[in-house]
Amino acid sequence: MIRAHVVVASDRAAAGVYPDTSGPLLAAGLSALGCEVTGPLVVPDGEPVAEAVRAAVAADADVVVTSGGTGITPGDRTPEVTRALLDYEIPGIAEAIRAHSAQAVPAAALSRGLAGVRGRTLVVNLPGSTGGARDGLAVLGPILGHAVDQLRGGDHGHPAGQPRGDDQGAGGDQPRGGDH
């Protein structure tokens, strides 16, 4: 089972000005994908987000999904604090989320959310809107199991330590069948 943590970066929701709506949507969506979900934990943007991500990684989360703090306002700091935690980025995930969202909401191109890995944990930043949460789930749904399997040591959809039966890896020249 995939262990998922949801962290919401929102100064106003953390202060009780209004209730967060994206976190519960993400928790329900990840649960529907078969994840065991912790959260949502609502914290102010910035260092509290970094602390929450560190704690989730320490608790052996397979994936940490953050919501909020990815825009271009001066207070949006989630990408910066996330980047400082990552061992490496996976730009294709963030690009796919922005592309998916921009089909309906052109302003989605302003999202600075990123995705990457800390240790063996996938960390993904999503916008703080419910639409951004839904779009993020739409992109993550088909790839999450595969990504977690690889981070656990699997080989492109094959159980860890089991041969693929071909020599093609992710960058092979031959046409792919339906194994991904």
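Begin with the second largest pocket of this predicted model, which holds about 260 Å³ of space. Select Thr-70, Gly-71, Pro-127, Gly-128 and Ser-129, the closest to the pocket centre among the 17 residues that line it. Then add helix α6, residues 130–140, which gives the most to this lining, with three residues. Colouring the lining of the second largest pocket by class should show four nonpolar, 11 polar and two charged residues.

**From the pocket to helix α6 and its partners**

Keep α6 selected and display helix α2, residues 22–32, beside it. The axes of α2 and α6 come within 9 Å of each other and cross at roughly 20°. An angle under 35 degrees counts as roughly parallel, and α2 is therefore roughly parallel to α6. The crossing of this pair is right-handed. To see the contact, show the side chains of Ser-22, Leu-25, Leu-26, Gly-29 and Leu-30 in α2, which meet Thr-130, Ala-133, Arg-134 and Leu-137 in α6. The residues of this contact divide into five nonpolar, three polar and one charged.

Next, hide α2 and bring up helix α5, residues 91–102. How far apart are the axes of α5 and α6, and at what angle do the two helices pack? The axes are 9 Å apart, and the angle is about 125°. That value makes α5 oblique to α6. Here, too, the view should show a right-handed crossing, as α5 passes α6. On the α5 side, select Ile-93, Ala-96, Ile-97, His-100 and Ser-101; on the α6 side, select Asp-135, Gly-136, Ala-138, Val-139 and Leu-140. The contact of α5 with α6 has six nonpolar, three polar and one charged residues.

**The enclosed cavity**

Remain with α5 and turn to the internal space. Rolling a probe the size of a water molecule over the atoms shows where empty space is left. A search of the whole structure finds one cavity of 30 Å³ or more, and the largest cavity has a volume of about 70 Å³. Select its lining: Ala-94, Ile-97, Arg-98, Ser-101, Ala-108, Ser-111, Gly-113, Leu-114, Asn-125, Leu-126 and Pro-127. Two elements, α5 and strand β6 (121–126), each give two or more residues to this lining. The largest share, four residues, comes from α5. By class, the cavity lining has six nonpolar, four polar and one charged residues.

Three of these residues have appeared already. Ile-97 and Ser-101 line the cavity and also take part in the contact of α5 with α6. Pro-127 lines the cavity and is among the residues closest to the centre of the second largest pocket.

**The largest pocket**

Now move to the N-terminal part of the chain and select Ala-9, Ser-10, Asp-11, Arg-12 and Tyr-18. Of the 19 residues that line the largest pocket, these lie nearest its centre. The volume of this pocket is about 340 Å³. Strand β1 (3–9) and helix α1 (11–14) each supply at least two residues of the lining. Which element gives the most? The answer is α1, with three residues. Coloured by class, the lining of the largest pocket divides into five nonpolar, nine polar and five charged residues.

**Helices α3 and α4**

Select helix α3 (residues 47–58) together with helix α4 (residues 78–85). The two pack at an angle of about 40°, with their axes 8 Å apart. This angle makes α3 oblique to α4, and their crossing is right-handed. Show Glu-47, Val-49, Ala-50, Val-53 and Arg-54 in α3, which meet Thr-78, Val-81 and Leu-85 in α4. The contact of α3 with α4 has five nonpolar, one polar and two charged residues.

**Two backbone details**

The last stops concern the backbone. Most residues other than glycine have a negative phi, and most peptide bonds are trans.

Zoom in on Asp-60, in the loop between α3 and β3 (63–67). Is the phi of this non-glycine residue positive or negative? The phi of Asp-60 is positive, near 65°.

Finally, select Gly-39 and Pro-40, and inspect the peptide bond that joins them. This bond is cis, with omega near 20°. Pro-40 is found in strand β2 (residues 36–43), where the tour ends.

How values were computed
Residues are numbered from 1 along each chain as its sequence is written. This is a predicted model: local features need pLDDT of at least 70, side-chain atom pairs count only at pLDDT 80 or more; totals for chains, interfaces and linings use all residues. Side-chain values use heavy atoms; hydrogens and water are left out. Axes are lines fitted to C-alpha atoms, for helices over the stretch in contact, and angles run from 0 to 180 degrees between N-to-C directions. Angles under 35 degrees count as roughly parallel, over 145 as roughly antiparallel, 65 to 115 as roughly perpendicular and the rest as oblique. A crossing is left-handed if the near helix is turned anticlockwise from the far one by less than a right angle, and right-handed if clockwise. Contact means heavy atoms within 4.5 Å. Ala, Val, Leu, Ile, Met, Phe, Trp, Tyr, Cys and Pro count as nonpolar, Asp, Glu, Lys and Arg as charged, and the others, Gly among them, as polar. On a 1 Å grid over the protein atoms alone, a cavity is a set of points where a 1.4 Å probe fits but cannot get out, and a pocket is an open set with protein on both sides within 12 Å along at least five of seven lines; lining residues have an atom within 4 Å of a point. Grid points are joined across faces, edges and corners, and a volume is the space filled by probe spheres set on the points.
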